[in-house]
Amino acid sequence: MSTLLSICLLLISIPSIIILYKLWWIPFRIRHALESQGIKGPPYKFFHGNTKEIIQMKDQISKTPMDLSHDIFPRSQPHLYSWSKIYGDVFVFWMGAKAFTVVTEPQMIKEILNNKEGNFSKINDGDYVKKLFGDGIVVAEGEKWSKLRKLANHAFHGVSLKVMVPEMISSARSMVDRWKNYQGKEMEVCEQFRLLTSEVISRTAFGSSYLEGITVFETLIKLNALISRNAFKIRFYGSKKLIQSKDDTEADRMEQQLHDSILEIVKKREAEASKGQVNDFGNDFLGSLLKVHHHMDPKSQVSVDEIIDECKTFYFAGHDTTYSSLCWSILLLGIHTDWQEKARKEVIQLFGQENPNSEGLTRLKTVTMIIYETLRLYSPVTTITRRTERKTKLGKYELPANVNLLIPPQALHRNPETWGQDAHLFKPERFSQGLAKSTNGNSMAFLPFGSGTRMCVGMNFAFNEAKIALSMILQRYKFTISPNYVHSPHIVLTMQPQHGVQILLQPL
Ligand code: HEM
């Protein structure tokens, strides 16, 4: 009887010990290790960490209307803003039992992003986020990442990128033609850019139309909204297996739907190749993935699941960020019509009423300055994260293993030491002497595309797409911001205008 009782007690106490170890002992140890080196932050609260405070701050700020200012960091990431004021450049906060050390010091950022010793890895433990990116290039490490990065580099740089220009022009052309229906009226532009950027990535990377990929895009957008809704919700370890929330079931369903829709696109291409309708699986990104899938050498091969993860990643990353930056560019040009005029003059001087061309795109100086300034003020990516693989030296600190690191581009992009006291103002002339001069040689002060080995692989693609879209709009239309526009930048994985951007459109 007493043996049975002891076994029962042991069985009851093991889970409690595990919970205490994970939710109390580990945070206590990490907090102690960081605090002893001067890295402070809001106190860890059992189980939730600081998530309740974060939700509260966000809720409170979203109730107050905002004027048309670009000083948006206190609103979009109020927790990071207010804690940085209290605890300084380097501080720690808690998402549940996970420590996030926020870093804004340039030398430390360089060490993290260059990652020469391999001490900093990507974070890949968010259940929902995994559904969006799978185990693809965004989260992969080591040999798998090298293989995927090589494929992506080939598909989105150099000659491949040049070949995409006519496709981008053709999609932008359909968009500006549609805009004729709105002449003299109010139009919401973000929906237009959603269509454009989805169409462009579908055509250039997957050789299909927006309509063919429509289920993929619609599911990605819904999944993204669900992820953002749950971003600060903390769950007990393993509880997902026991209790499925409505969002869990919905996320599982969406993941399956994404898998099936992409598999259909992949199978269709394979069938076309076997019938000889496309040569060697095609010259686009999907074609490269399929070539490698059918490679003779098993080491070089990628599996069907890896192909699906890569497609998901590029369908999402390839349109969401560019969509966001186009919405904000139009907002800024609609407010600062003097810059709209300057940009238009440059575009007309270079292209007249003709379509843009690859060579001309590289010579668009004013438009480039405007895009940089948009990315500075409204960086689509608002957090760059890594994790310490092991006990690691960073600057003057020694960090324990398993500490998450968070670099906030919004804070860096508004640092008055780099950008001056007018950091919140839209002044594209900051970039007139090039990137290095604008940041006084501090290459970590401007990180819309990240830096180091994991820097955005689609940067040139995004620039080409944005330059083409803006040029073709400026060639045809003048616009101002509608009085109905409500300024409310909010984060749905990327920074987006919550209520869209309404403009008043006039033909030239
Ligand atoms: C304005 C547009 C864009 C912005 C602001 C942006 C931003 C970023 C940032 C900040 C990172 C680095 C994340 C990190 O270090 O953890 C990144 C990585 C990445 N981006 Fe972009 N991106 C844009 C457009 C694109 C496009 C158009 C594509 C695809 C065609 C793309 C594909 C990727 C991929 C695959 C990675 C992961 C690279 C790796 O880990 O090796 N991005 N992007």
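The second largest pocket of this predicted model encloses about 670 Å³ of space. Its lining is made up of 30 residues. Nearest the centre of the pocket lie Lys85, Ala411, Arg414, Asn415 and Pro416. Sorted by class, the lining holds 15 nonpolar, nine polar and six charged residues. Several helices contribute to it. Helix 3, helix 4, helix 5 (106-114), helix 18 (409-412) and helix 19 (416-419) each supply at least two lining residues. Helix 4 gives the most, with four residues.

Helix 4 spans residues 78-87. Its buried residues are Pro78, His79, Leu80 and Trp83. These residues pack against both helices and strands. The helical partners are helix 2 (51-63) and helix 3 (73-76). The strand partners are strand 1 (90-95), strand 2 (98-103) and strand 8 (404-407). Glycine 88 follows helix 4 and has a positive phi, near 95°.

Helix 5 also lines the pocket, with at least two residues. Met108, Ile109, Ile112 and Leu113 are the buried residues of helix 5. Viewed down the helix axis, they fall within an arc of 125°, so they line one face of helix 5. Just after this helix comes asparagine 115, with a positive phi of about 45°.

Helix 2, one of the packing partners of helix 4, contains threonine 51. The relative accessible area of threonine 51 is 1%, so this residue is buried. Beyond residues up to four places away in sequence, threonine 51 touches Trp94, Met95, Gly96, Phe232 and Ile234.

The largest nonpolar core has 105 residues. Phe193 and Tyr315 touch the most other members of this core. Helix 14 (residues 304-335) gives the most to the core, with 14 residues. Another core lies apart from it and has 27 residues. Among its members are Ile30, Ile39, Ala99 and Ile112. Ile112 is also one of the buried residues of helix 5.

The contacts of phenylalanine 193 reach distant parts of the sequence. With residues up to four places away left out, phenylalanine 193 touches Met175 and Trp179. It also touches Tyr323, Leu326, Cys327, Ile330 and Ile473.

Cys327 is in contact with valine 501 as well. Valine 501 sits in the loop between strand 11 and strand 12 (502-507). Its relative accessible area is 0%, so valine 501 is buried despite its place in a loop. Neighbours within four places in sequence aside, its contacts include Met187, Glu188, Val189 and Cys190. Leu331, Ile481 and Tyr485 are also in contact with valine 501. Asparagine 355 is 146 residues from valine 501 along the chain. The C-alpha atoms of these two residues are separated by 26 Å.

Phenylalanine 281 is another loop residue, placed between helix 12 (246-274) and helix 13 (285-293). Buried means under 20% relative accessible area. Phenylalanine 281 has 15% relative accessibility and therefore counts as buried. Apart from neighbours within four places in sequence, phenylalanine 281 is in contact with Arg269, Glu270 and Ala273. Its contacts also include Gly287, Leu290, Lys291 and His294. Leucine 333 is 52 residues from phenylalanine 281 in sequence. In space, the two are 42 Å apart, C-alpha to C-alpha.

Backbone angles single out further loop positions. Most residues other than glycine have a negative phi. Asparagine 440 is not a glycine, yet its phi is positive, at about 50°. Asparagine 440 lies in the loop between helix 20 (435-438) and helix 21 (459-474). At 63% relative accessibility, asparagine 440 counts as exposed. Leucine 493 has a positive phi too, near 65°. Its loop joins no helix: leucine 493 lies between strand 10 (489-492) and strand 11 (494-497). With a relative accessible area of 31%, leucine 493 is partly exposed.

How values were computed: Residues are numbered from 1 along each chain as its sequence is written. This is a predicted model: local features need pLDDT of at least 70, side-chain atom pairs count only at pLDDT 80 or more; totals for chains, interfaces and linings use all residues. Side-chain values use heavy atoms; hydrogens and water are left out. Buried means under 20% relative accessible area, exposed over 50%, partly exposed in between (1.4 Å probe, protein chains only). Contact means heavy atoms within 4.5 Å. A nonpolar core is a set of buried Ala, Val, Leu, Ile, Met, Phe, Trp, Tyr and Cys residues joined through side-chain atoms within 4.5 Å. On a 1 Å grid over the protein atoms alone, a cavity is a set of points where a 1.4 Å probe fits but cannot get out, and a pocket is an open set with protein on both sides within 12 Å along at least five of seven lines; lining residues have an atom within 4 Å of a point. Grid points are joined across faces, edges and corners, and a volume is the space filled by probe spheres set on the points. Ala, Val, Leu, Ile, Met, Phe, Trp, Tyr, Cys and Pro count as nonpolar, Asp, Glu, Lys and Arg as charged, and the others, Gly among them, as polar. The arc is that of the directions from the helix axis to the C-beta atoms.
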